[in-house]
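This report walks through one model, from a single residue out to the chains and back to a few loops. Keep the structure open alongside the text.

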Amino acid sequence: MSIKQREGRDKFFKVVFKASGLLTIGLLAGIFFMLFYNSIAFFAEIKPIDFFTGSQWNPESNDRKFGIAPLLVSTGLVTIGSMFFAIPIGILTAAYLSEMAPSRVKTILKPMIEMLAAIPSVAIGFLGIVLVGPGIAKLFGIQNGLNALNGSVLLAVMALPTIITISEDAINAVPQSHREASLALGANKWQTMFSVTVPAAMPGLIAAVMLGLGRALGETMTVLMATGNAAVLPGGFLDAVRTITATIAIEMGEVPYQTTHYFALFAIAVVLFLITLVINLLGEYFANRLRKFHA
Amino acid sequence: MIKKIKYFFNRVILTGSTVLVCLILATILWDIFSKGLPSLSWSFITKFPSEGMTAGGILPAIIGTLILTFITMVFAIPFGVACAIYLNEYATPSALTNIIRASIRNLAGIPSIIYGLFGLALFVQAFRLGTSVLSAGLTLGLLSLPYIITTTEEALKRIPNSMREATLALGATKFETIKDVVLPQALPGILTGVILTMSRAAGETAPILFTGVAFYINDITTSPDQEFMALPYHLYMLSTQHQSIEEVRPLAYGTASVLILLVFVLNIIAFYIRYKKRSTT
């Protein structure tokens with residue numbers, strides 16, 4: 001091959017690689033545009049104030065109602081509930097892994113956590129129906145265990161691997177000299193851990209929680225299968241709920257193309273998209289703080 | 001004395017939460033495999049469902065998932081690897097590079113159901129591909145892109161710069177350096193990421209709900225414009241939508257076992273590649 005051909009090929013592939021890089025921006029912009037474009041048609045018909053403050057979601061009846069509140073409260077309830085379980089267990093496990101575990105135990109535990117992360121969400125949802133749901137029903141003496149608490153427990157299981165992995169990285173990133181300084185001042189292992197290492201890793205721990213939260217918030221199949229799917233304002237953790245993701249999954253398959261109801265599903269998707277965007281940006285902000293702090 | 005009790009207690013809660021995480025995994029696997037493996041048999045994985053899904057096997061769902069994952073990867077690997085090459089080999093720190101990196105991180109955080117909506121609007125409707133295995137595969141391909149990019153970039157980063165410099169000094173062009181030196185060296189790392197992404201794509205349900213998955217087809221999907229059955233969707237239908245749910249529970253457990261086994265086999269292959277690479281370098 002002549003040098004000209006080789007240089008030509010070199011230039012050509014540079015353009016190809018760069019184009020694929022730009023594709024990712026295009027993809028994000030495309031998703032953003034698609035969601036907003038389709039929800040404009042919805043807001044032309046339904047006033048935004050009714051959408052955000054309405055307390056009923058009933059898009060198919062004659063007196064149709066498009067209030068996002070029941071879906072938003074359901075999503076919030078299930079997600080916050082899941083964090084209630086996942087944050088303490090996740091961070092304590094990460095602390096054990098990075099500060100206490102012998103390296104042999106670590107080589108077994110790490111693949112196990114990756115295995116837990118690999119279990120498909122539909123399988124976790126299935127266990128919610130056959131195992132966790134009936135367990136909750138028995139525990140609280142109620143007829144049906146498909147409720148917000150069930151969803152919270154399952155989402156906690158799904159968020160755990162994310163929280164553990166990122167928290168462990170954050171705790172590991174605290175320089176050894178911090179620990180040594182604390183030990184040299186006479187603090188013991190536990191005092192060092194709780195007063196020095198964990199506070200120093202705090203921004204990373206918050207980033208871990210944010211990413212876990214994002215994962216729980218966007219999860220569809222698990223909540224669709226295991227939370228009972230009632231699109232009404234829930235009164236507590238033992239009520240059936242229906243999250244934004246589950247509502248899209250259930251209704252998009254049945255709704256006629258380009259009706260108000262169809263566009264309404266894009267409108268609730270925009271809300272979900274913006275919430276996850278904010279949570280991801282917050283997570284990124286805290287991750288950067290950790291990096292700056294240790295640089 | 002009080003301090004000693006306190007420290008003992010600390011040790012217990014830290015170890016306890018780790019044990020709890022292990023118990024969760026053990027419970028999941030025990031429940032699914034103890035009830036699912038007995039219903040696995042040769043005919044379960046080689047036969048079509050029969051008698052309104054209450055008997056027979058799950059062959060079309062297995063084949064559907066394999067074809068779907070294949071299409072996903074054919075689409076996601078070239079774009080993902082090319083983007084990672086751009087970021088690691090060409091891009092200089094600039095506003096554009098930062099925007100690309102921020103886009104990738106945000107794409108990874110977008111809920112999978114939103115990819116489903118995007119696939120519906122773009123592939124099914126705008127490109128007129130209809131609800132088909134092609135639309136669903138392309139949708140999953142978009143979902144997989146950020147993971148492939150991130151893992152490939154990690155693999156490229158681990159190749160020492162001296163290798164690139166040596167090749168360039170011998171007169172190779174930048175593209176030749178990447179093609180003949182960097183990529184072959186990074187291959188095990190890239191492969192690990194690709195296989196892990198595959199296992200994730202194979203288990204996804206939400207993005208294929210509106211883009212082409214079907215409850216039942218009486219024929220094996222052979223052309224990319226047909227609808228298809230998939231293992232995770234089959235499990236969802238058997239456990240929530242079937243008219244005699246209790247009766248098909250053993251089939252649902254069997255499907256869950258096959259799905260989890262498939263995902264685990266992929267993960268173990270990825271671990272093995274990673275382990276082998278570590279022990280050779």
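Start at A:Ala269. Leaving aside residues up to four places away in sequence, A:Ala269 touches A:Leu35 and A:Ile248 in its own chain, and B:Ile114 and B:Leu117 in chain B. The model is predicted.

A:Ala269 also belongs to the largest nonpolar core, which has 177 residues. A:Ala269 is among the residues with the most contacts inside that core. So listed with it are A:Ala123, A:Leu160, A:Ile163 and A:Ile268, together with B:Ile114 and B:Leu235. Which helix gives the most to this core? It is helix H3 of chain B, residues 59-90, with 16 residues.

**Chain A as a whole**

Chain A has 12 helices and 2 strands. Two helices come at the N-terminal end, then the two strands, then the remaining helices. The C-alpha trace spans about 75 × 75 × 35 Å along its principal axes. Of the 295 residues in chain A, 47% are buried. Among contacts in chain A with a separation of 6 or more, 74% join residues 24 or more positions apart.

**Where the chains meet**

The contact between the chains takes 62 residues from chain A and 63 from chain B. On the chain A side, helix H1 (residues 3-45) supplies the largest share, 19 residues. By class, that side of chain A holds 41 nonpolar, 13 polar and 8 charged residues.

One helix pair crosses between the chains. Helix H4 of chain A (residues 103-118) packs against helix H1 of chain B (residues 2-36) at an angle of about 50 degrees. Their axes lie 10 Å apart. Why is H4(A) oblique to H1(B)? Angles of 65 to 115 degrees count as roughly perpendicular and those under 35 as roughly parallel, so the angle of about 50 degrees makes H4(A) oblique to H1(B). The crossing is left-handed. H4(A) brings A:Leu109, A:Met112, A:Met115 and A:Leu116 to the contact. H1(B) brings B:Thr18, B:Cys22 and B:Leu25. These residues divide into 6 nonpolar, 1 polar and no charged.

**Loop residues**

Most residues other than glycine have a negative phi. Two loop residues here have a positive value, A:Asn229 at about 55 degrees and B:Arg128 at about 55 degrees. Neither A:Asn229 nor B:Arg128 is a glycine. The table sets out where three loop residues lie.

| Residue | Loop between |
|---|---|
| A:Asn229 | helix H10 (221-226) and helix H11 (244-252) of chain A |
| B:Arg128 | helix H5 (112-126) and helix H6 (133-157) of chain B |
| A:Pro59 | strand E1 (57-58) and strand E2 (65-66) of chain A |

How exposed is each? A:Asn229 has 19 other C-beta atoms within 10 Å and is partly exposed. B:Arg128 counts as exposed, because it has 8 C-beta neighbours inside 10 Å and the cut-off for exposed is 12 or fewer. A:Pro59 has 19 C-beta neighbours inside 10 Å, so it counts as partly exposed; a buried residue needs 20 or more.

A:Pro59 touches A:Arg64, A:Phe66, A:His261 and A:Ala264, again not counting residues up to four places away in sequence. A:Leu92 is 33 residues from A:Pro59 along the chain. The C-alpha atoms of A:Pro59 and A:Leu92 are separated by 44 Å.

Terms used:
Residues are numbered from 1 along each chain as its sequence is written. Chains are lettered from A and ligands numbered from 1 in the order in which they are written. This is a predicted model: local features need pLDDT of at least 70, side-chain atom pairs count only at pLDDT 80 or more; totals for chains, interfaces and linings use all residues. Helices (H or I, at least four residues) and strands (E, at least two) are DSSP runs, numbered from the N terminus. Two residues are in contact if their C-beta atoms, placed from the backbone, lie within 7 Å. Ala, Val, Leu, Ile, Met, Phe, Trp, Tyr, Cys and Pro count as nonpolar, Asp, Glu, Lys and Arg as charged, and the others, Gly among them, as polar. A nonpolar core is a set of buried Ala, Val, Leu, Ile, Met, Phe, Trp, Tyr and Cys residues joined through C-beta atoms within 7 Å. Axes are lines fitted to C-alpha atoms, for helices over the stretch in contact, and angles run from 0 to 180 degrees between N-to-C directions. Angles under 35 degrees count as roughly parallel, over 145 as roughly antiparallel, 65 to 115 as roughly perpendicular and the rest as oblique. A crossing is left-handed if the near helix is turned anticlockwise from the far one by less than a right angle, and right-handed if clockwise.
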